[in-house]
Amino acid sequence: MAVTKIKPIKSTLSKALDYIENPDKTDGKMLVSSFGCSYETADIEFEYTLSQALQKGNNLAFHLIQSFEPGEVDYETAHKIGRQLADSILGGKYEYVLTTHIDKGHVHNHLIFCSVDFAEHKKYISNRKSYGFIRRTSDRLCKENGLSVVIPGADRG
């Protein structure tokens, strides 16, 4: 079962990227990948894309976390699911950095993506509808990979 949450990054983008790329958490950066940018220079590349935005806003990027049930998934599968999630929800239009952290009792993915797409220079709209799509996509990918899914309203106590 994967639980997801998303929050905007309004400042300190480079700090957020440094945190998710920490070699101690990502098996020496073996579990770091990116799309549309290099993870080493993603903050600079995001900044350039943001400068091209058609509408200005406060958000530099979004930080999506996908946490798996302890012991349910191995690192490589979690990273593969994270990449599939990123590709599905972002449609190949947004630069992103994806990492899988293995330093806690549960495997979890961090996805930071630019708030502006590099194809049309439009802002990503984060709302209940877009989060519902993230949630459904994560659940579908978990099912396809033989993992459990969150059942809305079920007591997980």
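## Positive phi and unpaired cysteines

Thr-12 is partly exposed, with 45% relative accessible area. That value comes from a predicted model, as does everything below.

Let's stay with Thr-12 for a moment. Where is Thr-12 found? Look in the loop between strand 1 (2–9) and helix 1 (13–20). The backbone there is worth a glance: phi of Thr-12 is near 55°, a positive value, and the residue isn't a glycine. For background, most residues other than glycine have a negative phi.

His-121 gets a similar write-up. Its phi is near 60°, again positive in a residue other than glycine. You'll find His-121 in the loop that runs between strand 5 (108–114) and helix 4 (128–144). As for accessibility, His-121 comes out at 24%, which counts as partly exposed.

Here are the two residues side by side:

| Residue | Phi | Relative accessible area |
|---|---|---|
| Thr-12 | near 55° | 45% |
| His-121 | near 60° | 24% |

Now for the cysteines. How many disulfides does the structure hold? Zero. Take Cys-37: the closest cysteine sulfur to its own belongs to Cys-114, and the gap is 8.7 Å, so that's too far for a bond. The cut-off that matters here is 2.5 Å between the two cysteine sulfur atoms.

Is Cys-37 buried or exposed? Cys-37 counts as buried, at 11% relative accessibility. Cys-142 is buried too, with a relative accessible area of 0%.

How values were computed
Residues numbered from 1 in each chain as written. Predicted model: local features only at pLDDT ≥ 70, side-chain atom pairs only at ≥ 80, totals over all residues. Heavy atoms only, no water. Buried < 20%, exposed > 50% of the residue type's maximum accessible area, 1.4 Å probe, protein only. Helix = DSSP H or I, 4+ residues; strand = E, 2+ residues; numbered from the N terminus.
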